[in-house]
Amino acid sequence: MTSSGLAFIPVARPLIGDEEKRAVLEVLDSGQLAQGPRTEAFEQAFATYIGTTHAIAVNSGTAALIVALQAHGIGPGDEVITTPFSFIATATSILAVGATPVFVDIDPFDFNIDPALIEGAVTDETKAIMPVHLYGGPARIEELAEIADDFELALIEDAAQAHGAESAGRRLGSFGTGCFSFYPTKNMTTGEGGIITTNDDAVAEQCRLIRHHGQSRRYYHDVYGLNYRMTDIAAAIGHEQLKKLESWNERRIANATALSNWITSVETPRVREGDRHVFHQYTIRVSAERDAFQARLRELGVGSAIHYPIPIHQQPVICELGLADEVSLPVAEAAAETVLSIPVHPALSEDDLVRVAEAVNAAARA
Ligand SMILES: Cc1ncc(COP(=O)(O)O)c(C=O)c1O
């Protein structure tokens with residue numbers, strides 16, 4: 001509650017219905033708790049949704065990135081070109097397989113990797129490009145796919161925030177190897193979980209091996225793998241959530257449209273013609289004192305979050321490894337100082353949306 005008696009509007013809220021609860025109870029009653037038939041059914045449904053021939057479920061979005069990188073044969077000595085403006089797992093997954101992240105700056109239009117800067121970062125060691133579809137908005141994926149083709153690089157899409165987003169009529173995660181997260185704040189959840197999508201039979205086969213100790217048959221281990229398996233409990237939740245995803249995405253898009261119509265005081269998100277942004281986050285740019293702006297929103301009962309306050313190349317973990325010495329990425333650095341995500345999730349009522357927009361306009365005037 002706020003001092004005016006109004007309920008606080010959180011920046012994210014997972015939606016769990018009776019369908020998910022029933023599905024979990026069925027799994028518990030079945031006695032098959034670890035990866036089993038529910039995981040397979042969820043994988044098939046997710047692959048159909050994205051438009052790929054394969055989907056391989058794993059136990060986090062981070063695991064999806066690690067398994068995908070390894071499945072593409074990326075390891076020590078290899079470089080992966082990626083964005084500095086993302087959640088840390090984008091870069092640490094590259095480190096986890098022993099490879100080196102190489103950061104290039106972002107496009108101020110959408111906060112995603114700038115394709116024009118990639119060619120200049122390609123070396124003999126480059127093996128992949130890993131764009132992120134930040135906030136649920138498509139990176140310039142057709143251009144990136146072309147560059148990957150030209151330089152014979154793998155294209156691994158960090159689509160952790162972009163379930164159902166599209167470019168040129170195709171779902172993201174189907175242009176390259178897609179990696180999704182099902183963390184509770186995402187557009188759909190399994191509690192913890194992730195999934196890899198691909199049309200490449202060999203990559204899919206490698207992913208399945210790697211997630212299960214590299215085991216081809218019981219106790220025969222062909223490649224290096226670990227336990228990245230999803231439980232059937234998580235898959236049962238995910239399968240029910242997937243059925244609701246499109247209606248939730250439509251709500252997010254409608255909420256974003258309303259916010260953009262009503263917010264007049266600050267820069268609102270931009271979407272390219274022909275793209276479908278699914279608004280995992282609705283992120284404004286606050287040029288004045290952001291801390292004070294955020295505090296003012298809180299007083300007015302509106303939650304907000306900074307995604308992300310420090311660009312990856314300036315994070316201590318990366319600096320200590322000497323991976324970003326003398327790297328200057330001014331667009332990402334400026335974005336980190338000005339972005340602020342405000343509520344856009346499907347649980348918002350019309351009144352909530354009006355309150356969010358009015359709070360932003362009021363905070364900007366203060
Ligand atoms: C862009 C991005 N990449 C990777 C991840 C990692 O996913 P998870 O938290 O499921 O491991 C996330 C999730 O927060 C993310 O937002």
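In this predicted model, the largest nonpolar core holds 35 residues. Phe42, Phe46, Ile118, Ile129, Leu144 and Ile195 touch the most other members. Four elements give two or more residues to this core: H2, E1, helix H5 (141-150) and helix H7 (232-262). The largest share, five residues, comes from H2. A second, separate core contains 26 residues, among them Ala64, Leu69, Val80 and Val97.

Ile195 illustrates the contacts made by one of these core residues. Leaving aside residues up to four places away in sequence, Ile195 touches Phe42, Glu43 and Phe46. Its contacts also include Ala55, Ile56, Ala57 and Val58. Ala64, Gly178, Cys179, Phe180 and Phe182 complete the list.

The sheet is open and has seven strands. Their order is E1-E9-E8-E5-E4-E2-E3, and the pairing is mixed. Strand E1 (54-58) and strand E3 (100-103) stand at the edges. Each has a single partner strand, so one side of each is left without a neighbour in the sheet. On average, neighbouring strands are turned by 25° against each other, direction ignored. E1 and strand E9 (residues 194-198) run antiparallel and are joined by five bridges. Within this pair, Ala55 stands opposite Thr197.

Two helices that pack on the sheet were examined. Helix H2 (residues 37-50) touches E1, strand E8 (177-181) and E9. The direction of H2 makes about 130° with that of E1. Helix H6 (residues 201-211) also touches E1, E8 and E9. For H6, the angle with the direction of E1 is about 15°.

A search of the whole structure finds three cavities of 30 Å³ or more. The largest has a volume of about 180 Å³. It is lined by 19 residues. Of these, Phe109, Asp110, Phe111, Pro269 and Arg270 are the closest to its centre.

Backbone geometry was then considered in three loops. Tyr135 has a positive phi of about 65° although it is not a glycine. This residue is found in the loop between strand E4 (126-130) and H5. Tyr135 counts as buried because its relative accessibility is 3%, against a cut-off of under 20%. Ala168, another residue other than glycine, has a positive phi near 50°. Ala168 is placed in the loop between strand E6 (166-167) and strand E7 (170-171). The peptide bond from His307 to Tyr308 is cis, with omega near 15°. Tyr308 lies in the loop between helix H8 (290-299) and helix H9 (316-320).

Terms used
Residues numbered from 1 in each chain as written. Predicted model: local features only at pLDDT ≥ 70, side-chain atom pairs only at ≥ 80, totals over all residues. Heavy atoms only, no water. Pairing = 2+ DSSP bridges. Axes fitted to C-alpha atoms, helices over the stretch in contact; angles between N-to-C directions. Contact = heavy atoms within 4.5 Å. Core = buried A, V, L, I, M, F, W, Y, C linked by side-chain atoms within 4.5 Å. Buried < 20%, exposed > 50% of the residue type's maximum accessible area, 1.4 Å probe, protein only. 1 Å grid on protein atoms, 1.4 Å probe; cavity = no way out; pocket = protein on both sides within 12 Å on 5 of 7 lines; lining within 4 Å. Points joined across faces, edges and corners; volume = space filled by probe spheres on them.
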